[in-house]
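Me: I am new to this structure. Can you take me through it step by step?

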Amino acid sequence: RMAAAPPSYCFVAFPPCSKDGLVVFGKNSARPRDEVQEVVYFAAAEHDPGSKVECTYIEIEQAPKTHAVVLSRPSWLWGAEMGANEHGVCVANEAVVTREPASESEALLGMDLVRLGLERGATAKEALDVIVALLEEHGQGGNYYEDGSSCHTFQSAFLIVDRNEAWILETSGKYWAAEKITEGVKCICNQLSLTTKIDAEHPELRNYVKSQGWWNGDSDFNFSEVFSLADDHLACCSGRESLEKQGGDVSAQAMIDVLRDKDSGVCVDSESFLTTASIVSVLPQDPSFPCIHYFTGTPDPSRSIFKPFIFVDDVKLVPKVQSPSFGNDDPAKKIPRFQEKPDRRHELYKAHEWARSLLENDQDKGQKLMRIMFDLEKQGLEAMEDILSRTEILDPAEVVDLFYDCVDTELKFFK
């Protein structure tokens with residue numbers, strides 16, 4: 001059993017730490033090394049009363065309306081590691097270990113709650129309310145990995161961000177606490193971080209921990225101290241200092257640099273885990289400007305390109321970053337689950353494998369390719385900065401193929 005939670009990192013920076021009235025969000029998703037992440041878009045939709053939605057393991061009531069979402073997700077499951085919706089809400093989750101063992105019974109995964117929060121919440125606070133209501137109703141549990149030989153279960157923490165504020169939500173079973181953030185730089189990783197500043201909580205939280213004998217009711221209520229195993233709740237975030245060092249200049253580029261940093265441990269490349277995908281989102285506080293979401297869709301951000309996505313109607317779908325679908329024959333959907341592992345690699349993932357072998361076998365050629373790729377990324381970042389510095393309103397036709405074209409160009413270079 002992989003007892004340690006995968007060491008993912010999520011960040012948010014608010015003005016005045018960030019540039020030009022922008023909120024900047026980022027996450028590295030650390031997952032089992034061979035797992036494939038895809039980038040998928042789902043349009044907004046209306047649903048008939050009484051309809052159901054099939055999440056990774058369980059079916060729940062569907063909402064009357066779901067918002068358009070773009071997600072980066074392990075391609076075997078329904079939910080997502082991270083993503084955004086059309087209203088400029090971004091959500092990322094972290095697997096955490098608390099003193100309460102996570103349930104092996106199949107319920108909602110933390111990753112399902114990421115997608116459900118994005119589909120149903122038009123603000124960060126709405127997404128938080130959606131997540132905690134579903135947690136109360138359905139609970140969390142089930143295998144976090146596509147592994148037929150053992151069940152890996154975790155509790156969940158979330159970073160939920162919109163143009164105005166962010167919420168850190170930490171959970172254990174159905175119990176939870178949350179802190180609201182509107183300034184500075186925050187990082188969450190695979191351990192609890194909430195202490196005594198709690199802005200919202202489960203109504204029975206304090207009674208429950210008293211009944212368990214974890215808190216006497218007299219001392220200050222410190223969520224991490226009460227719920228962490230022994231000395232787990234230490235300041236975990238090595239990337240935060242690098243962002244704070246930027247002064248008031250945290251930009252998309254600064255966030256990307258932090259996510260690429262292997263020395264700090266933020267970019268994970270270990271025996272068990274790899275950063276299998278990354279996201280950076282830029283949310284202008286002025287609502288007349290569009291939010292921009294950059295996805296890699298490939299492992300190891302230090303060798304991947306961050307490609308921009310902007311929500312517009314009829315945005316062009318990108319099959320080349322989508323894994324093949326196996327429908328009801330998918331071993332993740334059959335009971336017992338995960339009896340075999342199908343090949344889930346998408347076209348961009350395969351091209352990356354080729355580029356990686358080139359880097360390892362022919363350093364000169366590999367380095368040259370990477371220089372071309374990073375130059376391409378820089379052009380994308382500059383084009384997006386241009387969009388955010390204009391006075392006129394963005395013409396949707398200009399960006400309807402944006403993400404598609406970036407993926408396409410990347411693939412052409414690899415070929």
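Short questions and replies follow, on a model that is predicted.

Me: In what order do the strands of the eight-stranded open sheet stand?
Reply: The pairing in this sheet is antiparallel. β3 (37–42) and β15 (200–201) each have a single partner strand, so one side of each is left without a neighbour in the sheet. The order is β3-β8-β9-β10-β11-β12-β13-β15.

Me: Which residue stands opposite Ala178?
Reply: Strand β13 covers residues 175–181. β13 and β15 pair in the antiparallel sense over two bridges. Opposite Ala178, in β15, stands Ala200.

Me: At what angle does helix α1 run to β10?
Reply: Helix α1 takes in residues 110–120 and packs on the eight-stranded sheet. Among the strands it touches are β3, β8 and β11. The direction of α1 makes an angle with that of β10 of about 165 degrees.

Me: And what is the angle of helix α2 to β12?
Reply: Helix α2 spans residues 124–138. This helix lies across β11, β12 and β13. Its angle to β12 is about 10 degrees.

Me: Are the residues Met82, Gly83, Ala84 and Asn85 of β9 buried or exposed?
Reply: In a regular strand, side chains alternate between the two faces of the sheet. In β9, Met82 and Ala84 lie on one side, and Gly83 and Asn85 on the other. Both faces are covered, and these four residues are buried.

Me: How many bridges join β9 to β10?
Reply: On one side, β9 is joined to β8 by four bridges, with Val70 opposite Ala84. Towards β10, Met82 stands opposite Ala92. β9 and β10 run antiparallel, and the bridges between them number three.

Me: Which residue takes a positive phi in the hairpin of β9 and β10?
Reply: This hairpin has four residues between the strands. The phi in question is near 80 degrees. The residue is Gly88.

Me: Which strands stand at the edges of the six-stranded open sheet?
Reply: The order there is β14-β1-β2-β16-β17-β18, with antiparallel pairing. An edge strand here has a single partner, so one side is left without a neighbour in the sheet. The edges are β14 (185–188) and β18 (307–309).

Me: How many bridges join strand β2 to strand β16?
Reply: β2 covers residues 22–32, and β16 covers residues 273–284. They run antiparallel, and Asn28 stands opposite Ser278. The bridges number eleven.

Me: At what angle do helices α7 and α10 cross?
Reply: α7 holds residues 347–361 and α10 residues 402–414. Their axes come within 10 Å. The crossing is left-handed, and its angle is roughly 35 degrees.

Me: How many residues of the contact of α7 with α10 are nonpolar?
Reply: Leu348 and Trp354 of α7 are among the contact residues, as are Leu411 and Phe414 of α10. One residue of the contact is polar and two are charged. The nonpolar ones number six.

Me: How many of the eight residues of helix α6 are buried?
Reply: Helix α6 runs over residues 252–259 and is mostly covered. Its buried residues include Ala252, Met255 and Leu259. The number buried is six.

Me: How many residues are in the largest nonpolar core?
Reply: Nonpolar side chains tend to be buried together in soluble globular proteins. In this core, Tyr294 is one of the residues that touch the most other members. Tyr294 touches Ala252, Val280 and Phe306, among others. The core holds 91 residues.

Terms used
Residues numbered from 1 in each chain as written. Predicted model: local features only at pLDDT ≥ 70, side-chain atom pairs only at ≥ 80, totals over all residues. Heavy atoms only, no water. Core = buried A, V, L, I, M, F, W, Y, C linked by side-chain atoms within 4.5 Å. Buried < 20%, exposed > 50% of the residue type's maximum accessible area, 1.4 Å probe, protein only. Contact = heavy atoms within 4.5 Å. Pairing = 2+ DSSP bridges. Axes fitted to C-alpha atoms, helices over the stretch in contact; angles between N-to-C directions. Left-handed = near helix turned anticlockwise from the far one by under 90°. Nonpolar A, V, L, I, M, F, W, Y, C, P; charged D, E, K, R; others polar. Lists of a residue's contacts leave out its neighbours within four places in sequence.
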